[in-house]
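Reader: I have just opened this model and would love a friendly tour. Could we start with the strands and then look at one side chain?

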Amino acid sequence: MSFKEEFARYSWDNVKESIYSKTAADVEKALTTPKRTLEDFKALVSPAAAAYLEPMAKLSRQLTRKRFGNTIQMYVPLYLSNECTNICTYCGFSLDNKVRRRTLTDREILQEVEVIKSMGYEHVLLVTGEANQTVHVPYFKKVLELIRPHFAQVSMEVQPLDRDEYEELIPLGLHSVLVYQETYHQEDYRKHHPKGKKAHFNYRLETPDRLGQAGIHKMGLGVLIGLEDWRTDSFFTALHLDYLEKTYWQTRYSLSFPRLRPFSGGLEPKVAMSDRELVQLICAYRIFNGEVELSLSTRESEKFRNHCIQLGVTSISAGSKTNPGGYAVEPESLEQFEISDERKPAEIARMIRGAGYEVVWKDWDASLIANERMSE
Ligand code: SF4
């Protein structure tokens, strides 16, 4: 059994209709019940919950403080390559975007690492496009060996891999993997991924299963907001999370909620999501699940991020570059998307401390994880 079977039990249209028919009474029940279900999550993301934003924010904040204390983790992406053999309608790295590509060499990676380390980071997220001829498992192995001594944690956001490939990378220090479904709407998924390996909806859908089977420590899920109805897509994300937590209970989970951003050759969002709606979604995820980490990137504006760290978010990036070589080697190379919050990590850290939170530059210590596992 994989999530594919669970997913097949649901119809997009029925779920959407059910979300849009939730009432104020459903939202009130979702806010007060001691144990929340996926039906409660539907109520929390429904239009009916828009009138309950204040109590939702208050509860979300309380639950976050209870589980995560006063801490916000910092991470930064390190783009290794913008080569890609896929066409994705929403991405600057798409194959049909005829711009010069590059993959960083060992020496260039270390130049980038030096700058990232000077910003104070101990946790890095490696990002690549999907170019299986050049950016493949042997390349990832080489990069992990090269940079692992410099960071306490290394995460990856690259093409989905097979289980045995993840099993090869985990002992080399791969701590977590982010794999976003982009949208759970199968027809729209096909429209947005017309060419390349990413066109295989089910292979992507089953990637978290392969990660769980490989024993990854943490995985990140999410959709790209703007491709389809965000309420319905978020329900499927919550369903996926729920399934994974029950199936691979030793793994930790994080969620992201990226909104489509401008990029070279850009796509206009089909569905716009307001700031208030994104706050509603963040609170809904937290109220539904007190354990999941919630991550907010530099796609969002300064003002919005300042506000959100107090509502349920547990990790944010800062000072990010979305192009390979962006920190030191070639600042002008092709970027994946434009960032919005351009503040330096030190400024973000000051803002976080000013809001009464402690800044954590790395994910939990390996020694804490070992203790956690021993006590299970
Ligand atoms: S989203 Fe990923 S797979 Fe698609 S074009 Fe961009 S880098 Fe390539």
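Author: Happy to help. Please keep in mind that this is a predicted model. Strand S2 (residues 123–127) pairs with S3 over five bridges, and the sense of that pairing is parallel.

Reader: Which residue in S3 stands opposite Leu126?

Author: Leu126 lies in the residue range of S2, 123–127, and S2 pairs with S3. The partner standing opposite Leu126 in S3 is Met156.

Reader: Which helix does the chain pass through from S2 to S3, and what is the handedness of the crossover?

Author: Leaving S2, the chain goes through helix H7 (residues 137–147) before reaching S3. This β-α-β crossover is right-handed.

Reader: How many bridges join S3 to strand S4?

Author: S3 and S4 (residues 174–178) run parallel. Val154 stands opposite Leu174 in S4. The number of bridges joining S3 to S4 is three.

Reader: And which helix lies on the path from S3 to S4?

Author: The crossover from S3 to S4 is a right-handed β-α-β one. Its helix, residues 163–169, is H8.

Reader: How many of the five residues of S3 are buried?

Author: S3 covers residues 153–157 and is mostly covered. The number of its residues that are buried is four.

Reader: Is Arg204 buried or exposed?

Author: Arg204 sits in helix H10 (residues 201–205). Beyond residues up to four places away in sequence, Arg204 touches Pro160, Val179, Tyr180, Gln181, Glu182, Tyr189 and Lys198. Its relative accessibility is 9%. Buried means under 20%, so Arg204 counts as buried.

Methods: Residues numbered from 1 in each chain as written. Predicted model: local features only at pLDDT ≥ 70, side-chain atom pairs only at ≥ 80, totals over all residues. Heavy atoms only, no water. Helix = DSSP H or I, 4+ residues; strand = E, 2+ residues; numbered from the N terminus. Buried < 20%, exposed > 50% of the residue type's maximum accessible area, 1.4 Å probe, protein only. Contact = heavy atoms within 4.5 Å. Pairing = 2+ DSSP bridges. Right-handed = clockwise from strand over helix to strand, strands pointing away.
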